[in-house]
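Me: I'm new to this one and would love a friendly walk through it. Could we take it a question at a time?

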Amino acid sequence: MSYLRVSTGRQGREGLGIAAQRDAVAALVRAQGGRMLDEFVEVESGGNNERPELQRAIRRAKVSGARLVIAKLDRLSRSASFLLHLRDSGVRFVAADLPTADETVVGIMAVIAQREREVIAQRTKDALAVARRRLAQEGRRLGNPNGAAALRRAAKGNHAAIAAVSAGAERRAEELRETLADVVASGAVSLSAIAAELNRREIESPRGGQWYPAGVARLRERLAKD
């Protein structure tokens with residue numbers, strides 16, 4: 001059986017990414033002379049380990065003895081602990097992009113991936129600290145009034161600082177994914193309505209202030225890239 005995942009509601013509705021995953025899984029099943037028992041499709045953030053369709057797929061694989069097939073290992077989770085938990089659950093699974101990887105290899109890859117994310121996060125933190133010190137010496141603060149755009153206009157920023165600002169925005173957007181989905185589900189559809197509801201819930205914008213339609217639009221654009 002297969003598990004396919006996309007990260008946004010838009011991708012889920014339009015099928016973006018699903019077709020490619022389905023083709024990769026089907027090719028592996030054909031190459032190994034198997035047959036597809038069932039398919040589970042999830043629209044959920046990779047950072048969220050509470051995924052009902054994946055849990056259903058795991059339970060089904062356990063009771064049927066079938067192997068769980070995915071297109072790529074990163075479709076399972078960005079969390080090493082979650083991937084290791086899955087490895088130890090007794091469910092047999094295989095990734096089309098690494099069909100020869102056994103449980104030991106998957107475990108090592110998960111730990112390395114987790115460590116890599118931690119290193120990237122630390123580098124981003126260090127780059128932000130450098131940018132703040134440089135701007136403080138010039139009598140300015142990082143992020144005001146227009147973030148990386150101000151640095152570019154002044155031609156005094158560097159690539160590391162701009163990249164750090166962008167990385168921070170990406171992380172903040174991912175943290176807001178679930179909240180945004182809940183706001184939309186509550187009936188707020190327009191950008192103005194979403195901004196108003198975020199403010200009502202006292203959710204801070206990425207710059208620490210109020211939400212406005214333009215900010216909501218930027219948040220949606222960032223989340224759509226995943």
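Me: Which residues of α2 are buried?

Reply: This is a predicted model, and helix α2 covers residues 18-31. A residue counts as buried when its relative accessible area is under 20%. In α2, the residues that meet this are Ile18, Gln21, Val25, Leu28 and Val29.

Me: How wide an arc do they cover around the axis of α2?

Reply: Ile18, Gln21, Val25, Leu28 and Val29 are the buried residues of α2. They lie on the same side of α2, because the arc they cover around the axis is only 100°.

Me: Which residues are exposed on the other side of α2?

Reply: An α-helix has 3.6 residues a turn, so residues three or four places apart point the same way. Away from the buried side, α2 has residues that count as exposed, with over 50% relative accessible area. They are Ala20, Asp23, Arg30 and Ala31.

Me: What do the buried residues of α2 pack against?

Reply: The partners here are strands, and the chain has four strands in its secondary structure. The buried residues of α2 pack against β1 (2-6), β2 (39-43), β3 (68-70) and β4 (93-95).

Me: How far does α2 reach from its first C-alpha to its last?

Reply: Helix α2 has 14 residues. At 1.5 Å a residue, the expected reach is 20 Å, and the model comes close to that. From first C-alpha to last, α2 reaches 20 Å.

Me: Which residue with a positive phi follows α2?

Reply: Helix α2 takes in residues 18-31. After α2 comes a glycine whose phi is positive, near 65°. That residue is Gly33.

Me: What pattern does the chain follow along the sequence?

Reply: The chain has nine helices and four strands. Read along the sequence, they follow the pattern β-α-α-β-α-β-α-β-α-α-α-α-α.

Me: What percentage of the residues in the chain is buried?

Reply: The chain has 226 residues. It exposes about 13,100 Å², with carbon and sulfur atoms supplying 52% of that area. The buried share of the residues is 33%.

Me: How many salt bridges does a search of the whole structure find?

Reply: One of the salt bridges joins the side chains of Arg56 and Glu53 at 3.0 Å, N to O. Arg56 and Glu53 are three residues apart in helix α3 (residues 52-64), so about one helical turn separates them. Across the whole structure, the search finds seven.

Me: Is Glu197 buried or exposed?

Reply: The side chain of Glu197 meets that of Arg200 in a salt bridge of 2.7 Å, N to O. Arg200 is exposed, at 60% relative accessible area. Glu197 has a relative accessible area of 14%, so with the cut-off at under 20% it is buried.

Me: Which residues do salt bridges that share partners join into one network?

Reply: The side chains of Glu197 and Arg201 meet in a salt bridge of 2.8 Å, N to O. Glu197 also has a salt bridge with Arg200. Through shared partners, one network joins Asp182, Glu197, Arg200 and Arg201.

Me: How far apart in space are Ala214 and Ala195, C-alpha to C-alpha?

Reply: Ala214 lies in helix α9 (residues 213-224) and is partly exposed, with a relative accessible area of 44%. In sequence, Ala214 and Ala195 are 19 residues apart. In space, C-alpha to C-alpha, they are separated by 9.0 Å.

Conventions:
Residues numbered from 1 in each chain as written. Predicted model: local features only at pLDDT ≥ 70, side-chain atom pairs only at ≥ 80, totals over all residues. Heavy atoms only, no water. Helix = DSSP H or I, 4+ residues; strand = E, 2+ residues; numbered from the N terminus. Buried < 20%, exposed > 50% of the residue type's maximum accessible area, 1.4 Å probe, protein only. Areas by Shrake-Rupley, 256 points an atom, 1.4 Å probe, with all protein chains shown as cover. Expected span 1.5 Å × (residues − 1). Arc of directions from axis to C-beta. Contact = heavy atoms within 4.5 Å. Salt bridge = Lys/Arg side-chain N within 4 Å of Asp/Glu carboxyl O.
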